[in-house]
Amino acid sequence: MADIYALTQQALAGMDVELVDVERAALGLLRVTIDRAGGVRIEDCEQVSRQLSRVFEVENIDYKRLEVGSPGVDRPLRTDAEFRRFAGERVEIKLRQPIDGRKVFSGTLVAPAEAGDADANIPASAQQAVFGLEFEAKKDDIQVLNFTLADIERAKLDPVLDFKGKKR
């Protein structure tokens with residue numbers, strides 16, 4: 001699966017889209033999830049689908065149906081770059097280990113401060129960025145939960161959706 005992810009990522013280079021995920025599903029379905037600044041349009045999905053169909057045929061990738069779509073409003077977050085990109089947004093995280101009997105937290109994602117001179121002697125592989133999550137523990141009591149990506153079981157965007165629209 002890593003090979004097909006790398007192949008897909010290479011095929012999409014220069015297309016102004018970001019590869020979020022590649023998944024093989026039942027009955028030969030190959031699901032490709034893309035994103036782009038400003039949101040994914042149907043034209044983006046069509047263009048990616050045409051490009052990948054050609055590439056997968058040349059590379060003999062076995063699939064029966066190709067599905068290209070956006071990650072949706074509750075986009076999963078997996079990488080350091082994604083966490084940094086969505087700093088300031090509302091997210092939901094599930095921790096691997098509970099804190100005060102609780103594993104799931106929702107709040108505003110806070111990116112770590114850029115590494116200063118004090119971290120210059122630590123190899124990059126040993127550095128783990130510490131992110132923050134500002135959440136309301138009790139009414140009007142904002143707390144900050146600090147975590148690294150290794151502490152996370154899963155994370156996703158958790159926007160507040162208003163279906164009521166503007167009142168006139």
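Leu-27 is exposed in this predicted model, with a relative accessible area of 80%. You can find Leu-27 in the loop that joins β1 and β2. Its backbone deserves a look as well: Leu-27 has a positive phi of about 60°, although it is not a glycine. Most residues other than glycine have a negative phi. Asp-16 also goes against that tendency, with a positive phi of about 65° despite not being a glycine. Asp-16 sits in the loop between α1 and β1, and at 60% relative accessibility Asp-16 counts as exposed.

From these loops, let's turn to the interior. In soluble globular proteins, nonpolar side chains tend to be buried together. Here the largest nonpolar core has 18 residues, and the members that touch the most others are Leu-12, Val-48, Leu-52 and Phe-56. Two or more residues of this core come from each of α1 (2–11), β1 (18–24), β2 (29–35), α2 (42–58) and β3 (65–69). Helix α2 gives the largest share, 5 residues. To see how this packing looks from one residue, centre your view on Val-48: leaving out residues up to four places away in sequence, Val-48 touches Leu-12, Met-15, Val-17, Ile-34 and Val-68. Apart from this core lies another one, of 16 residues, including Phe-83, Phe-147, Ala-155 and Leu-157.

Helix α2 also holds an acidic residue, Asp-44. Is Asp-44 buried or exposed? Asp-44 is buried, because its relative accessible area is 4% and the limit for a buried residue is under 20%. Setting aside neighbours within four places in sequence, Asp-44 is in contact with Ile-34, Arg-36 and Gly-39.

Phe-83, named above in the second core, leads us to the aromatic side chains. The whole structure contains 5 aromatic pairs. One of them is formed by Phe-83 and Phe-131, a tilted pair with 5.3 Å from centre to centre and 45° between the planes. This pair links distant parts of the chain, as Phe-83 belongs to helix α3 (residues 80–85) and Phe-131 to strand β6 (residues 131–138), 48 residues apart. Phe-83 is buried at 1% relative accessible area, and Phe-131 is buried at 0%.

Phe-83 has another aromatic partner, Phe-147, and this time the pair is edge-to-face, with 6.2 Å between centres and 65° between planes. Phe-83 is in helix α3 while Phe-147 is in strand β7 (residues 141–147), so the pair ties together parts that are 64 residues apart in sequence. Phe-147 is buried too, with a relative accessible area of 1%. Together, Phe-83, Phe-131 and Phe-147 form one aromatic cluster.

Now for the charges. Side chains of opposite charge can pair when their charged atoms come close. There are 15 salt bridges in the structure. In one of them, the side chains of Glu-18 and Arg-75 meet at 3.0 Å, N to O. This pair also links distant parts of the chain: Glu-18 is in strand β1, Arg-75 is in the loop between β3 and α3, and 57 residues separate the two. Which partner is buried? Arg-75 counts as buried at 1% relative accessibility, whereas Glu-18 is partly exposed at 25%. Both residues take part in a network of salt bridges that also links Asp-35, Glu-82 and Arg-85.

Strand β1 and the loop between β3 and α3 are tied together by Asp-21 and Arg-78 as well, so parts that are 57 residues apart in sequence are connected by this pair. Their closest N and O atoms are 3.9 Å apart. Asp-21 counts as partly exposed at 24% relative accessibility, and so does Arg-78, at 45%. Another salt bridge joins the side chains of Glu-43 and Arg-41, at 3.8 Å, N to O. Glu-43 is partly exposed, with 44% relative accessible area, and Arg-41 is partly exposed with 43%.

Finally, let's return to the surface. Val-73, Leu-161 and Phe-163 form a nonpolar patch there, with about 360 Å² of accessible area together. Leu-161 is found in the segment that follows β8 (152–157). With a relative accessible area of 46%, Leu-161 is partly exposed.

Conventions. Residues numbered from 1 in each chain as written. Predicted model: local features only at pLDDT ≥ 70, side-chain atom pairs only at ≥ 80, totals over all residues. Heavy atoms only, no water. Patch = residues over 30% accessible without salt bridge, like charges linked within 9 Å, V, L, I, M, F, W, Y side chains within 5 Å. Areas by Shrake-Rupley, 256 points an atom, 1.4 Å probe, with all protein chains shown as cover. Salt bridge = Lys/Arg side-chain N within 4 Å of Asp/Glu carboxyl O. Helix = DSSP H or I, 4+ residues; strand = E, 2+ residues; numbered from the N terminus. Buried < 20%, exposed > 50% of the residue type's maximum accessible area, 1.4 Å probe, protein only. Core = buried A, V, L, I, M, F, W, Y, C linked by side-chain atoms within 4.5 Å. Contact = heavy atoms within 4.5 Å. Phe/Tyr/Trp six-rings, centres within 6.5 Å; stacked < 30°, edge-to-face > 60°.
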